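Work through the exercises below with the sequence and the model in view. Each task is followed by a solution in steps.

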Amino acid sequence: GHDRVLRAAYLALYAFHMPVFVWLAGRFASGELTRPRAVRLVERVLVPLLVFQVLYSVFHHFAFGTPHLALGFVRPYWIMWFLMSLLWWRLLLPIFAVVPGSLLLSVALAAAAGLSNAVGYDLSLSRTLVFLPFFLLGYRMRRSDLAFLSTRWARAGSVAVLASRAVAAWRFAPHLDERW
């Protein structure tokens with residue numbers, strides 16, 4: 001926590017890792033929710049969410065000595081928010097896939113959720129809405145949209161952006177609060 005280089009690297013990684021994971025989840029998502037896909041969604045997202053929610057609750061009870069076992073499914077435990085949000089994104093995708101201007105709508109929803117005190121951690125609603133634009137962007141982008149990344153200009157620009165981020169992280173890391 002006191003090493004300036006490690007703190008800068010931590011803050012740089014922390015700032016973009018979840019948007020990238022959410023973008024990747026959207027990139028490999030399907031806009032159709034057929035019966036077989038709904039069954040797979042239950043098997044691959046809902047069941048692990050429920051199982052690990054129970055396991056985390058049991059672990060928390062025994063590891064931290066809480067007086068009684070709390071099995072709450074409305075408020076996801078620690079990293080289970082991602083599975084809860086993934087479930088919401090996959091359920092919302094068939095709607096957002098056909099709504100014109102849905103990416104702009106999702107940005108507006110994300111901004112509203114970020115400004116609202118009413119949208120909170122329950123059902124992972126806050127994170128679901130805040131990261132929804134990244135999920136939709138991943139869903140809408142195709143391989144051809146990313147072809148420009150292999151050009152010489154894009155590589156040079158990437159190096160310049162990363163270098164500027166490294167300098168900024170080095171300069172401002174001691175003054176930043178990662179809880180933002």
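## Exercise 1: A loop residue and its partners

Leaving out residues up to four places away in sequence, Leu71 touches Val54 and Ser57. The model used here and in the exercises that follow is a predicted one.

Task: Place Leu71 in the chain, and decide whether Leu71 is buried, partly exposed or exposed.

Solution.
Step 1. Leu71 belongs to the loop that lies between α2 and α3.
Step 2. The relative accessibility of Leu71 is 43%. Buried means under 20% and exposed means over 50%, with partly exposed in between. Leu71 therefore counts as partly exposed.
Step 3. For a distance, take Leu55: Leu71 and Leu55 are 16 residues apart in sequence, and their C-alpha atoms are 9.4 Å apart in space.

Task: Now take the partner Ser57 and find which residues Ser57 is in contact with, leaving aside neighbours within four places in sequence.

Solution.
Step 1. Ser57 is part of helix α2.
Step 2. The contacts of Ser57 are with Leu69, Ala70 and Leu71.
Step 3. Ser57 has a relative accessibility of 8%, so Ser57 counts as buried.
Step 4. Ser57 and Arg90 are 33 residues apart along the chain, and 25 Å separates their C-alpha atoms.

## Exercise 2: The chain as a whole

Task: State how many helices and strands the protein chain has, and in what order the elements run.

Solution.
Step 1. The protein chain has six helices and zero strands.
Step 2. Read from the N terminus on, the order is α-α-α-α-α-α.
Step 3. Taken along the principal axes, the C-alpha atoms fill a box of roughly 55 × 45 × 30 Å.
Step 4. Of the 180 residues in the protein chain, 27% are buried.
Step 5. Consider contacts between residues at least 6 apart in sequence: 71% of them join residues at least 24 apart.

## Exercise 3: Helices α2 and α3

Task: Are α2 and α3 roughly parallel or roughly antiparallel to each other?

Solution.
Step 1. Helix α2 covers residues 35–64, and packs against α3 at an angle of about 155 degrees, with the axes 9 Å apart.
Step 2. An angle over 145 degrees counts as roughly antiparallel, and α2 and α3 are therefore roughly antiparallel.
Step 3. Their crossing is left-handed.
Step 4. On the α2 side, the residues that meet α3 are Leu41, Val45, Leu46, Pro48, Leu49, Phe52, Gln53 and Tyr56. On the α3 side they are Met80, Leu83, Met84, Leu86, Leu87, Arg90 and Leu91.
Step 5. Sorted by class, the contact of α2 with α3 has 13 nonpolar, one polar and one charged residues.

## Exercise 4: Two crossings of α1

Task: Describe how α1 crosses α3, and which residues make the contact.

Solution.
Step 1. Helix α1 spans residues 4–27 and helix α3 spans residues 80–96; their axes come within 11 Å and cross at roughly 40 degrees.
Step 2. This angle makes α1 oblique to α3.
Step 3. The crossing of α1 with α3 is right-handed.
Step 4. Met18, Phe21, Val22 and Ala25 of α1 make the contact with Trp81, Phe82, Leu86 and Trp89 of α3.
Step 5. The residues of this contact are eight nonpolar, no polar and no charged.

Task: Do the same for α1 and α5.

Solution.
Step 1. Helix α5 consists of residues 125–140; the axes of α1 and α5 come within 6 Å and cross at roughly 45 degrees.
Step 2. That angle makes α1 oblique to α5.
Step 3. The crossing of α1 and α5 is right-handed.
Step 4. From α1 the contact takes Met18, Pro19, Val22, Trp23, Ala25, Gly26 and Arg27, and from α5 it takes Phe131, Phe134, Phe135, Leu137, Gly138 and Tyr139.
Step 5. By class, the contact of α1 with α5 divides into 10 nonpolar, two polar and one charged.

## Exercise 5: Ser106 and Ala156

Task: Is Ser106 buried or exposed?

Solution.
Step 1. Ser106 sits in helix α4, residues 102–115.
Step 2. With 0% relative accessibility, Ser106 counts as buried.
Step 3. A polar atom of the Ser106 side chain lies 2.7 Å from the backbone oxygen of Leu103.
Step 4. Not counting residues up to four places away in sequence, Ser106 touches Phe96, Leu129, Leu132, Pro133 and Leu136.

Task: Find which helix holds Ala156.

Solution.
Step 1. Ala156 is in helix α6, residues 152–172.
Step 2. The relative accessible area of Ala156 is 45%, so Ala156 is partly exposed.
Step 3. Ala156 and Trp81 lie 75 residues apart in sequence and 36 Å apart in space, C-alpha to C-alpha.

Terms used: Residues are numbered from 1 along each chain as its sequence is written. This is a predicted model: local features need pLDDT of at least 70, side-chain atom pairs count only at pLDDT 80 or more; totals for chains, interfaces and linings use all residues. Side-chain values use heavy atoms; hydrogens and water are left out. Axes are lines fitted to C-alpha atoms, for helices over the stretch in contact, and angles run from 0 to 180 degrees between N-to-C directions. Helices (H or I, at least four residues) and strands (E, at least two) are DSSP runs, numbered from the N terminus. Angles under 35 degrees count as roughly parallel, over 145 as roughly antiparallel, 65 to 115 as roughly perpendicular and the rest as oblique. A crossing is left-handed if the near helix is turned anticlockwise from the far one by less than a right angle, and right-handed if clockwise. Contact means heavy atoms within 4.5 Å. Ala, Val, Leu, Ile, Met, Phe, Trp, Tyr, Cys and Pro count as nonpolar, Asp, Glu, Lys and Arg as charged, and the others, Gly among them, as polar. Buried means under 20% relative accessible area, exposed over 50%, partly exposed in between (1.4 Å probe, protein chains only). A polar contact is a pair of N or O atoms within 3.5 Å; within protein, one must be able to donate a hydrogen and the other to accept it, and residues adjacent in sequence count only if both atoms are side-chain atoms.
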